[in-house]
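User: I would like to learn how to read a structure with several chains. Can we take it feature by feature?

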There are 4 protein chains.
Amino acid sequence: MIVILKPKTSKKQVEEVAREVQKLGYTPHPIFGELQTVIAAIGDERTHHTLESLTVFPQVERVLPVQKRYKTVSRESKSEDTVVDVDGIKIGGGNFVIMAGPCSVESEEQLISTARAVKARGAKILRGGAYKPRTSPYEFQGLGREGLRILAAAKQETGLKIITEVLSERDVEHVCEFADVLQVGARNAQNFQLLIECAKSRKPVLLKRGMSERIEEWLLAAEYILSQGNPNVLLCERGIRTFETYTRNTLDLAAVAIAKKESHLPVIVDPSQGCGRADLVPILCRGAVAVGADGLLIEVHPFPAEALSDGQQQIDFNVFSQLISELEPFLNTTKRKLL
Amino acid sequence: MIVILKPKTSKKQVEEVAREVQKLGYTPHPIFGELQTVIAAIGDERTHHTLESLTVFPQVERVLPVQKRYKTVSRESKSEDTVVDVDGIKIGGGNFVIMAGPCSVESEEQLISTARAVKARGAKILRGGAYKPRTSPYEFQGLGREGLRILAAAKQETGLKIITEVLSERDVEHVCEFADVLQVGARNAQNFQLLIECAKSRKPVLLKRGMSERIEEWLLAAEYILSQGNPNVLLCERGIRTFETYTRNTLDLAAVAIAKKESHLPVIVDPSQGCGRADLVPILCRGAVAVGADGLLIEVHPFPAEALSDGQQQIDFNVFSQLISELEPFLNTTKRKLL
Amino acid sequence: MIVILKPKTSKKQVEEVAREVQKLGYTPHPIFGELQTVIAAIGDERTHHTLESLTVFPQVERVLPVQKRYKTVSRESKSEDTVVDVDGIKIGGGNFVIMAGPCSVESEEQLISTARAVKARGAKILRGGAYKPRTSPYEFQGLGREGLRILAAAKQETGLKIITEVLSERDVEHVCEFADVLQVGARNAQNFQLLIECAKSRKPVLLKRGMSERIEEWLLAAEYILSQGNPNVLLCERGIRTFETYTRNTLDLAAVAIAKKESHLPVIVDPSQGCGRADLVPILCRGAVAVGADGLLIEVHPFPAEALSDGQQQIDFNVFSQLISELEPFLNTTKRKLL
Amino acid sequence: MIVILKPKTSKKQVEEVAREVQKLGYTPHPIFGELQTVIAAIGDERTHHTLESLTVFPQVERVLPVQKRYKTVSRESKSEDTVVDVDGIKIGGGNFVIMAGPCSVESEEQLISTARAVKARGAKILRGGAYKPRTSPYEFQGLGREGLRILAAAKQETGLKIITEVLSERDVEHVCEFADVLQVGARNAQNFQLLIECAKSRKPVLLKRGMSERIEEWLLAAEYILSQGNPNVLLCERGIRTFETYTRNTLDLAAVAIAKKESHLPVIVDPSQGCGRADLVPILCRGAVAVGADGLLIEVHPFPAEALSDGQQQIDFNVFSQLISELEPFLNTTKRKLL
């Protein structure tokens, strides 16, 4: 850490801070500049007390961390790409996966028709929410256990693997009986208890970025999972909240590239949540491939106008089919192998 | 809802949308304007399917909701102020409460000395985190059950009521044995399963606004609690995430005034999280009183420089004491009675 | 416009608002819903008074505009792509242009070496700032007229067209003697006097999106130029300001796709400002092509570490060269013809 | 500056960077930590080249500035409050000023009736826009020179001083004939040419914070004016752009307190733009006083529903009158003397 002192801080005041730095476990190293003194505090920032609390000294202006706060998710700790194996579907390391399906599981007919349609066009994993986190308590909350049963039926019918969201620590065990990948949504992106419980299940976890989560915080949330001994994390960029109103969220495609640089984990893009508009989903899929994503999570519904949740951002079978056709040259160009 | 059609939409296309509006349970009422047609969809938006999914029709440009989505939290449903009774401490309706204490419970000595200091200056409720949601898994995670035990000791010693954060549905029952108010933090602001579990405990719940939560969403999160039959909710503004870097968050004091207009629930302000800087806490407390807050949640620590979490935003006993003195004329001016 | 009245508004109060709607030039059309009344106000919203001022009536809850505020920039007013002709370089309509060069013109040697390097790799337009808008008055402000002279020398030497920023209405005439495209920067994105002055020059104008400008506002800024009779506008997405700190700005690639749908104008992407990091520039160029951009504006410098402005986001000749090679298959895939 | 090198950087690579640090005018001072090396670069950051460009070296991870970038606006350069003298009205240093009037000058009758009303309740300075920066070119652009003439008539009639916005460098001289304070709006907050021109006029300048301007950038914009030798700057907080939609902007009252700490300049709050809603203006005025503002800029109109611009945020004479009454105890409490 670097402790920046205010201009005109006396030597005695510098020493006072240096002593506190030492007390907190670092070796203080003062540097007397032309205008200001800074104290470099030498030590492992991840295992020691933060020094940001030193700003309570009146002579301290700011404290700047030096080291990155994440460890096991970082490229520095593991330089080669992690490949997450979802019951035989190997995601990452050049392999590109399509996950698709409805926002919510609404009925057996709806889900199985969708499963067949997306499988026919190359999806390997079926998405569908059984437990839905809805802004209002009066909105459709998902079919719950019945939804999970329908997901199992679709899996049996098509052989697709299943990804579904888990909202509650208490549901993790039960959901694991049906899901091949546990999805943690944006609203639970820093629900660390849920992350830990998912980690312990040993299932692969798709971890969405929170609505206002910095990339550093997103990687640290993944660190919660890895530090529990579960390395099977798929990072998922799904748009951040900004002032723009033409889109529901602002898809941050640079974050995909950064996550790939900073971390060895695969990065999935969710264009449906990412913009909240069906008409933009196909073009954002292309953008996602171009910036190096390892897969897509796409909302597909037989008749979006009557979807029980988020119809405005779901695409129908025809659009999905065309989207995949148009995507192939981009996958070739980026040397990604469609699973 | 208002369904806005694109310019030059044919009569037949208008009818197609109107039929779908009807199918989804509303009475369509087309209005032919000079440039564009809109269809007013008459019906209760809170119990019917949203029409936003109609944007998947190519002739639909946008869909605008008309009605507010929250019910029981609204002033329309209850015009007089709700007074939340925390074991005899009645918050709201002109009564102003000070809740204060350390960010984290660190030791019996730390907590009890703080409890005495804040009680002496008028606090009625002691805060202190036993379970801490930390951005990094390597940071201090709180003392857990031992922290709760220490809170109980401080309560016994001082008679202060206790507010403490609950992170997990599984902990709600246990935390309720020690807490008089359950605190739900910003990261769990839309962890609806946790909200429901807290609601069921019948304890008062202090519900923080999420980091990027719109006021409407915040009130809808409160609606999750009220709709479970628990009316004892304290809304808590604690700053939102913006581009500004001089402060950790941007305290949205207008949101306090809006929440008071839109809802009958008491509104508490957390200036410590709200700015993340100890030096601004006193002045933001004044701002909070001036805009009509019903109470404050303030982080106080015997020696902030050595706090195990968020030392930079905690104030010491002297600053707290002076803050309260300076606050009194503001409370008088706004006709708030300090509990 | 749609005027939404509060629940329980009396018939008399509805009439009061309806009269005011009429007075302001619209035909009021009340619709009595189950819970709330709305008044549809029929009329051309772009030529009449806004009704948002009606919220000052206590019975009015909100006012929702129906019509889009932009006219001549819209696809509705002109369905085919605009092709902007920069002295023979035709941008848009399937033609893709590379504009490249240093952030600031620093010296004749610096600029001419850069011009040669970028020309050799396919750039058709040379960028270089002579007038620089700098956050601090103590930072390098550009060479001014001498910078323009150097740009002219580079043009003569290489035949590249010139794009350079204009900061002041007073400079427009002078800059036009040297520039083939006038660049209006993000900080002046709503400096309407400057936009009007640039419009009057009849030169093509590259209009950057403001740091916190909604897409609607960006298009309305372009409308200022078109409504002066100058149709030669290049929209430029350069990132918006968000809470993220790993990048200087958040490049909003969805905005490129939206601008192309909403407007007939060409859209250029500036990846250098868009992320503020040289290491991400190449990959964001690919993303920009994938989402349908019509060109790129890239900062290139012989030795970025010693650049007088924004060295951290400038790439050197080698990186530029490799970037172009890697871009070609993406251009082929999107059927863009590199100019 | 602090140059942070990546873990495992070799000694030779450290030296390479140190040499470049030296070349750019600083004295390099490497500090070898446990995990990472940092180079403290000693020198005056405001007069030297920034080192952020060093991130183009692959071994450099980040560069952190140490010193504040503003000089003459800072409290360090001048500890006592600046008092800005507007033709005898002395703002700051404990004196509190009310500036009020319509958003736009619409007619002599409108302005003079407003001037009388606000004067009667204690306003000392009359606001009114003659030149209006409007998002759309089809909206009312202000009366221009005729508006200035009307402002002069109102001044003659009431003796109030005049504040009015200037949009164009070319208008500065002309506007100065009529205005006692030049207002620079949020859209021109970083239009440095306009700032310089205003500075040269020697008139007091009210400088609004830009919609997405960090406090540091706002102070640096003020530095542009002071560094031209004009110390008469009033900083004006008017809300920042965030994701919240219940308000037009998010009024950042903490920024008022920070600006007062960081700078000696008076700080004015504009609650009308700050929230964009007439109903919140009075309560935000109280909040502004509580956090230490030196004055208010309030939009007042005889009949807001028919205002030609921003009617939704203008208050009428009655509300203004009541607002002032309610404000007085807050001014007393904060020991501000109403001018």
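**Reading the chains together**

Analyst: Let us begin with how copies meet. This is a predicted model. In chain B, 100% of the interface residues are also interface residues in chain C, so the copies meet through the same surface.

User: What rotation superposes chain B on chain C?

Analyst: A rotation of 180° does it, with 0.0 Å of shift along the axis. The RMSD is 0.0 Å. That is the relation of a two-fold axis.

User: Which residue of chain B comes closest to the rotation axis?

Analyst: B:Phe243 does, with its C-alpha at 2.2 Å.

User: Now chains A and B. What turn and shift lay chain A on chain B?

Analyst: A turn of 180° and a shift of 0.0 Å along the axis. Again, look at the fit: the RMSD is 0.0 Å. Here A:Ser212 is the residue of chain A that comes closest to the rotation axis, at 3.0 Å by its C-alpha.

User: Why can I say that chains A and B meet through the same surface?

Analyst: Compare the two lists of interface residues. Of those in chain A, 100% are also interface residues in chain B, so the copies meet through the same surface.

User: How do people give the size of an interface?

Analyst: Often as the accessible area lost when the parts come together. Here we count residues instead. The contact between chains A and B takes 40 residues from chain A and 40 residues from chain B.

User: Which helices of chain A supply at least two residues each to the side that touches chain B?

Analyst: α5 (192-200) and α6 (215-226) of chain A. α6(A) gives the most to that side, with four residues.

User: How do the residues of that side of chain A divide by type?

Analyst: There are 15 nonpolar, 14 polar and eleven charged residues on the side of chain A that touches chain B.

User: Let us turn to a sheet. What is the strand order in the open sheet of chain A?

Analyst: Read it across the sheet: β2-β3-β1-β4. The four strands pair in antiparallel fashion. β2 (27-32) and β4 (60-64) of chain A stand at the edges. Each has a single partner strand, so one side of each is left without a neighbour in the sheet. From one strand to the next, the twist averages 20°.

User: How many bridges join β2(A) and β3(A)?

Analyst: Six, in the antiparallel sense; β3 of chain A covers residues 37-42.

User: Which residue in β3(A) does A:Pro30 stand opposite?

Analyst: A:Pro30 stands opposite A:Ile39. Find both in the view.

Notes: Residues are numbered from 1 along each chain as its sequence is written. Chains are lettered from A and ligands numbered from 1 in the order in which they are written. This is a predicted model: local features need pLDDT of at least 70, side-chain atom pairs count only at pLDDT 80 or more; totals for chains, interfaces and linings use all residues. Copies are superposed by least squares on the C-alpha atoms of residues with pLDDT of at least 70 in both. Two residues are in contact if their C-beta atoms, placed from the backbone, lie within 7 Å. Ala, Val, Leu, Ile, Met, Phe, Trp, Tyr, Cys and Pro count as nonpolar, Asp, Glu, Lys and Arg as charged, and the others, Gly among them, as polar. Two strands pair if DSSP finds at least two bridges between them. Axes are lines fitted to C-alpha atoms, for helices over the stretch in contact, and angles run from 0 to 180 degrees between N-to-C directions.
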